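Hi everyone, thanks for making time. Please have a look at what I'm putting up on the screen, and then we'll walk through it together.

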Amino acid sequence: MTPSLMLFYVLGGLLVIASLMVVFLSSVVHSAMALVAALFLIAILFLTLHAPMVGVLQVLVYAGAIMVLFLFVIMLLNPAAVEPRRRFGWGFGIVASLLLAGALVAVMTNGEAPLDPVAATELFGSPETLAKSLFTDFVLPFEIASVLLLVAIIGAVVLAKRES
Amino acid sequence: MVPLNYYLILGAVVFAIGVLGVIVRRDLIVVLMSIELMLNAVNLTFIAFACFLGSMAGQVAVFFVMAVAAAEAVIGLAIIISVFRHRQTLDPQEMQLLKW
């Protein structure tokens, strides 16, 4: 077993465990901490896939900004610690997601997969190539994303402020 | 080198776990976190394809997914705060005013 394969198994196993902890832990704060762990593991997986810039962005945006926002809301609302169990929910949910996982794996492993990565140059995934691609081929989506973020800022302020 | 299929299977499993969280949990914040988990599973698939096909389009798509996920989290949490202020609960089963 090569070292990269072993690294993948360790990261993948930890990622599945952290994702299961997000779903199955009863405390909301514990779920949020497990989600932070899962996001960091995904960032490390990005690094192994020649995407260092996206991995850094993952840590900054997800594990930094979004999770801090989640924790702020959890502490602001302080929801009741115990949530009631749904009557039929768990069995139905587990069966449905197992079916979904089986179908997804079957569909995704069906095609002719390329065995070796084409992009093994050291520039691939660097900030330069990402920015060059972003500002030449994807200029219009980039601008639309900026408008979307502006709308999100205004919408959050309007939704969360108290009516007076 | 790890084959592409391994990354795809890992992404599919994490996505299914996120779907499980959306179905079974009765806490809106955890439901939102499960949605983030699903988005990240898709991001992993994008990055794996970008690496194995040698195209930057996958990484740029992940960049946009992150921007949309940030907007979605902000708006979703604002809605949760607003709902909690009105009804004092985070249980989605209690929010059935539109259900006939």
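Let me start with a question: which residues in the largest nonpolar core touch the most other members? They are A:L35, A:A38, A:I42, B:I29, B:M33, B:I47 and B:A48, out of 69 residues in that core. Who supplies it? At least two residues each come from α1 (3–24), α2 (28–48) and α3 (52–77) of chain A, and also from α1, α2 and α3 of chain B. The biggest contribution is from α2(B), which gives 15 residues.

Before we go on, please keep in mind that this is a predicted model. For chain A, the mean pLDDT is 86, with 87% of residues at 70 or more. Within chain A, α2(A) has the highest confidence, at a mean of 94, while α4(A) has the lowest, at 87. As a reading rule, coordinates should not be taken in detail where pLDDT is low.

Now let's look at chain B on its own. It has three helices and zero strands, so to speak a plain α-α-α run from the N terminus on. What box do the C-alpha atoms of chain B fill? Along the principal axes, roughly 50 × 25 × 25 Å. The radius of gyration of chain B is 17 Å, whereas a compact globule of 100 residues would be near 13 Å. Even so, buried residues make up 55% of the chain. And if you take the contacts in chain B between residues at least 6 apart in sequence, 45% of them join residues at least 24 apart.

Let's take two of the helices in turn. Helix α1 of chain B covers residues 4–24, and its 21 residues should span 30 Å at 1.5 Å a residue; the end C-alpha atoms are 31 Å apart, which agrees. Is α1(B) largely enclosed or largely open? Largely enclosed by the rest of the structure, because 17 of its 21 residues are buried.

Helix α2(B) passes the length check too: 26 residues should span 38 Å, and its end C-alpha atoms are 38 Å apart. This helix is mostly covered, with 21 of those 26 residues buried. Just after α2(B) comes B:G54, with a positive phi of about 70 degrees.

Next, the contact between the chains. How many residues of chain B are in contact with chain A? The count is 61 residues of chain B against 71 residues of chain A. On the chain B side, the elements giving two or more residues are α1, α2 (28–53) and α3 (57–87). The largest share there, 20 residues, belongs to α3(B). Sorted by class, that side of chain B has 49 nonpolar, seven polar and five charged residues.

Two residues make this concrete. B:M33, which we met in the core, touches A:V22, A:S31, A:A32, A:L35 and A:F70, leaving out residues up to four places away in sequence. Going the other way across the chains, A:G93 sits in helix α4 of chain A, residues 89–108. With the same sequence neighbours left out, A:G93 touches B:L20, B:I23 and B:V24. Why does A:G93 count as partly exposed? Because it has 19 C-beta neighbours inside 10 Å, and a buried residue needs 20 or more.

That's my tour. Thanks for listening, and I'm happy to go back to any part of the picture.

Conventions:
Residues numbered from 1 in each chain as written. Chains lettered and ligands numbered in written order. Predicted model: local features only at pLDDT ≥ 70, side-chain atom pairs only at ≥ 80, totals over all residues. Helix = DSSP H or I, 4+ residues; strand = E, 2+ residues; numbered from the N terminus. Expected span 1.5 Å × (residues − 1). Buried ≥ 20, exposed ≤ 12 C-beta atoms within 10 Å, placed from the backbone. Contact = placed C-beta atoms within 7 Å. Nonpolar A, V, L, I, M, F, W, Y, C, P; charged D, E, K, R; others polar. Core = buried A, V, L, I, M, F, W, Y, C linked by C-beta atoms within 7 Å. Rg over C-alpha atoms; globule rule 2.2 N^0.38 Å. pLDDT = per-residue confidence, 0-100.
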